[in-house]
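Q: Hi! Could you walk me through this structure? I'm new to this, so plain words please.

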Amino acid sequence: MRILVSFIAFLLSLQFLSAKTAIDVIPCPASVVVSEGKLSMAGARCKTDSRLGKTAVAAVKDFEENLFRASTVKKGKSGLVVSFEMASEMSDEEYSISVSEKTVVGKASSLKGVLYAIETMKQMLPVAIYTGAPAPKEDWSLPCVEIKDKPRFAYRGLLLDVSRHFFDVEQVKKYMDFMALHKLNTFHWHLTDDQGWRVEIKKYPELTQKGAVRKETIIGRWADKKGFDGTPYGEGMWYSQEQIREVVDYAASKGIEVIPEIDLPGHMLAALATYPELGCTGGPYEVCRWWGVSKDVLCVGKESTMVFLENVLSEICELFPSKYIHIGGDECPKVRWQSCPHCQAKIRELGYRDDINHTAEHYLQSYVTKRIEDFLATKGKSIIGWDEILEGEVAPDATVMSWRGTKGGIAAARLGHDVIMAPNTYCYFNYYQAKDQSKEPLARGGHTPVSKVYSYEPLPDEMTKEEKSHILGVQACMWSEYITDWGTLEYMLFPRLSALSEVQWCEPENKNYQTFIRKMRHMAKIYEALGCNYSTHIIN
Ligand code: TNX
């Protein structure tokens, strides 16, 4: 009997999956109950509880406007009023949608909840809702449904590297739109690196004059030995403080927080080329023309270097309202420090010695991280660092971003630190998505197909409940060494971003790769409506 019941349930679920009323929303909502019937949204008006705030009211107005333009039925014509109501008992990112044959009600307690409710509704409607392009022949109805939804992880991030290749304000805003489409809430902006400094610092204007420009760029990979392109790159490729504010505000209107990264004490050649006195050897240095890890790093034995960093970070804190500032910390070779009188004097002063785990120079980097942490704490900020900050002695309140696989993240959680998982093994969008690399745009290497991204489980069984509570969330990284233009960026992003969003948002029991693939048919139409380039490997 029980077998029969489950067989019938199975058949019903198949029917549900194939029915026109399937809810093909990415990332999948936590709970969806579809019932008989539907309701046309054409000709609806929308109203929003003003307690949800001006930005929410404006977002609903936008939705209403596109609904009108795309369905071509005048607002108010059908008499339907779609209402977005305040539900103060809901958590910050939670929302619900309830559609009957007569009413549509969205509920939330904050801007983000409203945005997510709108996004879910949009994905249930014809794709013209994204552009407002007239599509009167489409079916503008929603199925009767009860949706209750909230994310699994509070931190749902995406990094953009604008140092190796630059993306302008309009492109960055578009990146934000892509994030909003997938309910991501944190934009990690990698603003500085060896190959170019991209954020205006008023106290050091040369950083974006000299430090933004490299003489030329390597062609292909080192191993290809194709030489350099002979073309200067980066002039004018930086953001003014005004532009930074514009992006931060735009992001906020989409429910996204921007976390800036000033990568230190390594990955600093752009600053060293500008101010050689910041280095151990005094240079000369040049803004890096190739990809990889430079031996030349900041000389942290000199107090003047710390003053430089504090001045830069003071301006960064003014520009970004985020709680966190990312201070990098990755890939900082110690060779220069080993023979630098200033760094060695600092090591003696602090009494550091090599031990079985780390060298004195590792402890020197920990000292820098801790000093920056203390400095930023005076401005009410906390730090995030790449997992190298675990080497030596981890700064007491640091959040660790695990990129060399998940080991660092698990170790940090064990030490009681908060963690963001961004393992290169699952979340690096600069790696290849297809096995056959010959047909793909040149990339860093690796193989991270959509299915691999989708399969990532950030809370492995080996972690205790307490340790798991430290995993704030998951992030993907778009490193731009080989991503020279916007079209390539979109190609590398899609559809992996869609897969990532289910890792970040959905409870594991709601995830299903086959269902995801089916839902991708509709998502691909959205990409197309938005004019996006995407990889078709899993869609065809
Ligand atoms: C390592 S991930 C880096 C980046 C590179 C990336 C290329 C990390 C913290 N550092 O500087 O762009 O590899 O995949």
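Q: Which residues have the most contacts inside the largest nonpolar core?
A: They are Met-41, Tyr-175, Phe-187, Trp-189, Trp-197 and Leu-493, and that core has 160 residues. A nonpolar core is a set of buried Ala, Val, Leu, Ile, Met, Phe, Trp, Tyr and Cys residues joined through side-chain atoms within 4.5 Å. Buried means under 20% relative accessible area, exposed over 50%, and partly exposed in between, with a 1.4 Å probe and protein chains only.

Q: And what other core lies apart from it?
A: Another core, of 14 residues, lies apart from the largest one; among its members are Leu-159, Met-401, Trp-403 and Tyr-431.

Q: Before we go on, where does the model come from?
A: This is a predicted model, where local features need pLDDT of at least 70, side-chain atom pairs count only at pLDDT 80 or more, and totals for chains, interfaces and linings use all residues. Residues are numbered from 1 along each chain as its sequence is written, and side-chain values use heavy atoms, leaving out hydrogens and water.

Q: Cool. New topic: which residues surround the ligand?
A: Among them are His-267, Glu-331, Trp-386, Trp-403 and Tyr-431; a residue counts as near if one of its heavy atoms lies within 4 Å. The shell divides into five nonpolar, two polar and five charged residues. Here Ala, Val, Leu, Ile, Met, Phe, Trp, Tyr, Cys and Pro count as nonpolar, Asp, Glu, Lys and Arg as charged, and the others, Gly among them, as polar.

Q: Which side chain has an N or O atom 2.8 Å from a nitrogen atom of the ligand?
A: That is Asp-330. An oxygen atom of the ligand is also 2.8 Å from an N or O atom in the side chain of Arg-164.

Q: How much of the ligand does the protein bury?
A: The protein buries 96% of the 360 Å² that the ligand exposes when taken alone. Such areas come from the Shrake-Rupley method with a 1.4 Å probe.

Q: Switching again: is Glu-490 buried or exposed?
A: Glu-490 counts as buried because its relative accessible area is 4%. Glu-490 sits in helix 15, residues 486-493; helices are DSSP runs (H or I, at least four residues), numbered from the N terminus.

Q: What does Glu-490 touch?
A: Leaving out residues up to four places away in sequence, Glu-490 touches Lys-174, Phe-178, Gly-531, Cys-532, Asn-533 and Tyr-534, where contact means heavy atoms within 4.5 Å.

Definitions and conventions: A polar contact is a pair of N or O atoms within 3.5 Å; within protein, one must be able to donate a hydrogen and the other to accept it, and residues adjacent in sequence count only if both atoms are side-chain atoms. Helices (H or I, at least four residues) and strands (E, at least two) are DSSP runs, numbered from the N terminus.
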